[in-house]
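Biologist: Could you take me through a few local features of this chain, with the reasoning behind each one?

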Amino acid sequence: MPRPALRSRKLRRTSMKTPGGRHVVHYEKRFSSKPRCAICGRPLSGIDMARVKTRHIAGLTVSRPYGGYICHRCLALGLRLAVRLSSA
Ligand SMILES: [Zn+2]
């Protein structure tokens, strides 16, 4: 039985084989998945994976409006739609 802190599913479990042939369980930090566009679902580019993995603010991200949330194609489309709807 692992120690109490390791019994929760907070940590990811990976099965390892040691050089001696034993199978042991290693506990690793869970990483969140690669960020995706909220509208089209494509993976977002320009975002530092260190930012995703550590969930810290440090690290490169996209500085345009809605950067890191929707992709550049969806933003361009949304801006065009907004301008057309407001002028009409
Ligand atoms: Zn998109």
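The questions below concern a strand pair and a loop residue in what is a predicted model.

Biologist: Which residue stands opposite E28 in the pairing of β1 and β2?

Modeller: E28 belongs to strand β2, which covers residues 23–29, and β2 runs antiparallel to β1, to which seven bridges join it. Leaving aside neighbours within four places in sequence, the contacts of E28 are L11, R12 and T14. One of these is 16 residues away in sequence yet 5.0 Å away in space, C-alpha to C-alpha, and the residue standing opposite E28 is R12.

Biologist: Is E28 buried or exposed?

Modeller: A residue counts as exposed if 12 or fewer other C-beta atoms lie within 10 Å of its own. For E28 the number within 10 Å is 9, so E28 is exposed.

Biologist: How many of the seven residues of strand β1 are buried?

Modeller: Being buried requires 20 or more other C-beta atoms within 10 Å. Strand β1, residues 11–17, lies largely in the open because the number of its seven residues that are buried is zero.

Biologist: Which residue in the hairpin of β1 and β2 takes a positive phi?

Modeller: Five residues lie between the two strands of this hairpin. The positive phi, near 95 degrees, is that of G21.

Biologist: What is the phi of Y66, and where does Y66 lie?

Modeller: Y66 lies in the loop between α1 (49–54) and α2 (72–87), and is partly exposed, with 16 other C-beta atoms within 10 Å. Most residues other than glycine have a negative phi. Y66, a residue other than glycine, has a positive value, near 65 degrees.

Note on methods:
Residues are numbered from 1 along each chain as its sequence is written. This is a predicted model: local features need pLDDT of at least 70, side-chain atom pairs count only at pLDDT 80 or more; totals for chains, interfaces and linings use all residues. Helices (H or I, at least four residues) and strands (E, at least two) are DSSP runs, numbered from the N terminus. Two residues are in contact if their C-beta atoms, placed from the backbone, lie within 7 Å. Two strands pair if DSSP finds at least two bridges between them.
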